[in-house]
Every structure is written in structure tokens, then in C-alpha cells.
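Student: I've just opened this one and don't know my way around yet. Could you walk me through it?

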2 protein chains.
Amino acid sequence: MSKEDKLSAAQKKHIKKLHQKKYRDEFGEFIVEGIKGAREMLASDWTLVHAIVEEGREGVPGLGQILNDVVHRSVPITYATPKDIKDLQTTDTFPGIQLIVSKKNVQLDKLQRGGPIICLDHVSDPGNLGTIVRTADWFGIKNILLSEGCVDLYSPKVVRSTMGSLFHVNTHQSQDVTEDLGELRGSGYKIYSMTMGGESIQKMQSTGKDIYVFGSESHGVSQSLVEMSDGLYSIPGSGQAESLNVAMAAGIIMSRI
Amino acid sequence: MSKEDKLSAAQKKHIKKLHQKKYRDEFGEFIVEGIKGAREMLASDWTLVHAIVEEGREGVPGLGQILNDVVHRSVPITYATPKDIKDLQTTDTFPGIQLIVSKKNVQLDKLQRGGPIICLDHVSDPGNLGTIVRTADWFGIKNILLSEGCVDLYSPKVVRSTMGSLFHVNTHQSQDVTEDLGELRGSGYKIYSMTMGGESIQKMQSTGKDIYVFGSESHGVSQSLVEMSDGLYSIPGSGQAESLNVAMAAGIIMSRI
């Protein structure tokens, strides 16, 4: 390994900044940590910027193939000491590799090219957002629209909990979800919001251009979105629980569409 | 408040021990923290042992009604200083109240008195177990059988993530799940295990005495349980994700039964 392969102070500073949303927004980059995420990233058309490997961890199973793929992309691989890794890692147990990847905000018109759209309104829990992305990927649902006020899709916890599925879906981070939904409605989409006390989802009919809106864990779907909806639905329950987890509700709906 | 209402050193030591599984097993008690959990506990027939309130937090919304209910049960209420609470709390932000509650392991024959049984085999993630309990409660599914090797149902994280639904379901902690399932099968139950590559769940037919088995996040359903199953099923997916989260899989199945 040549001297240039060692982590510089400037690189370290840059990566540490990516732990914070404001710098992920500024630089348009984020961190993918671990073998599974790295493998899915490299199999995708997303843009890789930089790969960081912990010195002495080159033998981690699966890492060799990943480094080959990084080399094929002509992207630099940098080796960091265990001490530096302590500052850079986003998981408690560093899995040997970290990729710096460019964010990819799919434009609204591209979301319209096919299939249903899952719209998340102010979903704030990272695990819920990640699980929804992973479940959408399982069911082959490609399009996800995130309202302003959702947890950052590129936060390490969300990225990790998507288990690599982040790289299989199209996501659009909206600046004004009411406006975006209005635009989609204008082009023929139907909007179905999931609300407590809505009609049973068994009555929900797919038109081929459908948007399913899920609200925040604590406040549900925003009033302005409820008002522009073509239908309000809920998942019938016969027990005593007050609510379903938002990821669970989204997963159950996705299993039916 | 009288002097006896203050937390003693022995009480403090006892409660701190309940943070560990081995003492929860030894004492047969666990901790419920927060208004929502306390409210559901008090509305149930579970046995309350002791209530701990943080001094100066008596004004927390909902707490007054809870303390009334505790008094009606003739159970002691103890006041603890913010300093003591730091040692006792199981959440980052103490919500004002903690209940010490007796564990309740429903016997296997009681699980057989009605409806389907959800069996979890070595499910190790607390959030997953809690979400499954909460979702079962939503769908009115009453019976949960936990294999040896599952995360402790009474760990603070599991209890919290059930959102009070723990008190609405019957759970049996098995010492030998193969034996228990054999016994249930002998009394007429059908066993359906969820495995990768099983038949589509659309082919699954309910008999009224059904057990649905979900495996661990990393290893799936144990071979011995697969072998004694009456059917192997999976949730069809058309995307690229390798797997569904176990709580999600269980929730989707529960939404159909």
C-alpha cells in the first residue's frame, strides 16, 4: 500500500462531518457501513466517492470482492488505523469497511414512470423509515416520496436498517409534499391516506396510479394531505392495541398492492 | 408523604437487579416504565407489586389517575429522588413513573383455549419481539409461544416496545419448544412454519387450530421445527431484498388470519 492510501486529516474531517445531516446536505454524500450495504451499493448505479478500510481487517469475509469492485470503479481506497476508525464509525462494531456515496434524489417526474408510490409524511423514526424501504424493496415497490420533516434517509441508522434496499428504490425528498401530491394528482394519481377510523383497506381498489400516504408515529397524516385524499383507509383490528407501528401498517398495505 | 414512602436502599437494590434477566427470573418481577404502559398494566389482571414515582414529577399528565388506581390496588407508592431515579430508570428520559409487576407465564394448556398461536423461535431482537406482541394485540391474536433462546419478554426494551399490549396477550415461555409443539400437535393443532422458499401464504388455509412459526432474524426456523411442520410458507416478494424483517413477516401473516 502506498503512502497516498493512508487517511489524511482532511479526509477524516470530511467523513466525520458526514455524521451530521447538515453536512450530508451540503456535500451531497453519505456513509454506507458494512459488507451487505457495500455489496448492494456496488451492484447499483449509485455513485461511489471513496472507500475506507480498517487496517488489518482486509480478511473480513466478503471484503475482497468488494475491494475488487471498488477498484473497477476507479475509486480511491483509503486505509485507516483502528484509532481513526473509532472517530469515523457509525456502528458500535466497525464491520471493516465504509463507503462514501453520493446521494441520489430522484425527480418527481421519474417517480411517475411506473407503479404505486409510497408517501411518508413526517415519519421520524429511523428504524421505521429503513424498514419501510426494505419492505418496499421486498414487494417490488419502487417509488417512495418523503415529505419535509421525515428523518434523513441518509442518516447512518436509516441506511443500515434498509439492509441495502436503499439502492433498489427511487426516493424523492420533497420540499413541499402538499405541492408535490397536488402535481401527481393533476397527472392522474389517486391519493389514499391511512388514518385511524378510515374505511377498511379491503375496500381499497388499485387504479394503477396510486399513492399511499402514511403519517407520523405520533400525529398521523397531516390535515392538508387528508383533505386532498381520494380515500381514507385503515387496517381493521379487533384487539385492544391503540395503533399499529407505521412501518407495520405500511408493510401490511404493501403486501396487498 | 410519610417517611415510609421514601425509597429505601434495599428497595433500590432490588429494582436495580430487575434490570438483569437473571434477577427478573429469580424474583419473577419486571419493570414497566411510563404512563402508557402503566395505564395498560393497571387495566389488566396482572399483579402489581410496587410503584415508584420521581419526586416533583407528580404533575405529569395522566399520572394522577394512575396513582389513584395504584391506591385502589392497595399497593405501596414510593417516592424517589431524581438522583435515585438515575440509577433505576430503564429509559433515557424518565417518564415520571415505574411499576414493578409480577411476570405471568401462561400455561401451555391455556394457550390452547382459543384462536391461533404465534410461535417465535429464537427471535433475539427486542424491538421485533415487542412489535410482534403489539401487532398481535392489534389483530386480536391472543396466544404467543416463545421458544427457549428468544430475547427476554420482560426486558425493559421489549416491554416498552409492546406499548402496553404485553398485558393483553397470553404468552408462554417454553423450556423446550419442540416438545411443546409436539404436545399441541397431538391435541389437533396444525403447524405452519415461515421459511424462505416455502409455498405462497395465499395457499395457507386456516383450520381454527393453527400455529404460525417464525424463526430468528439470522437463522430462520430451526430444522427440528421445520421437520414437524404441516406446511412451509413464505411471503411472496418480487423485488430484490433478501428478506423481510421478522416482525414485518409476522405482522403480514397476522393481518391475514
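Tutor: Sure, let's start with one pair of residues: A:L120 stands opposite A:F214 in β9(A). Before we go on, this is a predicted model, where local features need pLDDT of at least 70, side-chain atom pairs count only at pLDDT 80 or more, and totals for chains, interfaces and linings use all residues. Residues are numbered from 1 along each chain as its sequence is written, chains are lettered from A and ligands numbered from 1 in the order in which they are written, and side-chain values use heavy atoms, with hydrogens and water left out.

Student: In which sense do β5(A) and β9 of chain A pair, and over how many bridges?
Tutor: Strands are DSSP runs of E with at least two residues, helices are runs of H or I with at least four, and both are numbered from the N terminus. Two strands pair if DSSP finds at least two bridges between them. For β5(A) and β9 (residues 210-214), the answer is the parallel sense, over 4 bridges.

Student: Which residue of β6(A) is the bridge partner of A:C119?
Tutor: β5(A) also runs parallel to β6 (residues 143-146) of chain A, joined by 4 bridges. Within β6(A), the partner of A:C119 is A:L145.

Student: Which hand does the β-α-β unit of β5(A), α7 and β6(A) have?
Tutor: Picture the strands pointing away from you: a crossover is right-handed if the path from the first strand over the helix to the second runs clockwise. Here the helix is α7 (residues 126-138) of chain A, and the unit is right-handed.

Student: Are the residues on the two faces of β5(A) buried or exposed?
Tutor: In a regular strand the side chains alternate between the two faces of the sheet. Buried means under 20% relative accessible area, exposed over 50%, and partly exposed in between, with a 1.4 Å probe and protein chains only. A:I117 and A:C119 sit on one side of β5(A), A:I118 and A:L120 on the other, and all are buried.

Student: Why does the radius of gyration of chain A agree with a compact globule?
Tutor: The radius is taken over C-alpha atoms, and the globule rule is 2.2 Å times the number of residues to the power 0.38. For 257 residues that rule gives a value near 18 Å, so chain A agrees with its 20 Å.

Student: What share of the residues of chain A count as buried?
Tutor: Chain A holds 11 helices and 10 strands. Its C-alpha trace spans about 65 × 40 × 30 Å along the principal axes. Of its 257 residues, the buried share is 53%.

Student: By what turn can chain B be laid on chain A?
Tutor: Copies are superposed by least squares on the C-alpha atoms of residues with pLDDT of at least 70 in both. The fit has an RMSD of 0.0 Å and a shift of 0.0 Å along the axis, with a turn of 180°. That is the relation of a two-fold axis. The C-alpha of chain B nearest the axis, 2.6 Å from it, is that of B:I252.

Student: Is B:V123 buried or exposed?
Tutor: B:V123 is found in the loop between β5 (117-120) and α7 (126-138) of chain B. Leaving aside neighbours within four places in sequence, its contacts (heavy atoms within 4.5 Å) include B:G149, B:F214 and B:V246. Its relative accessibility is 0%, so B:V123 counts as buried.
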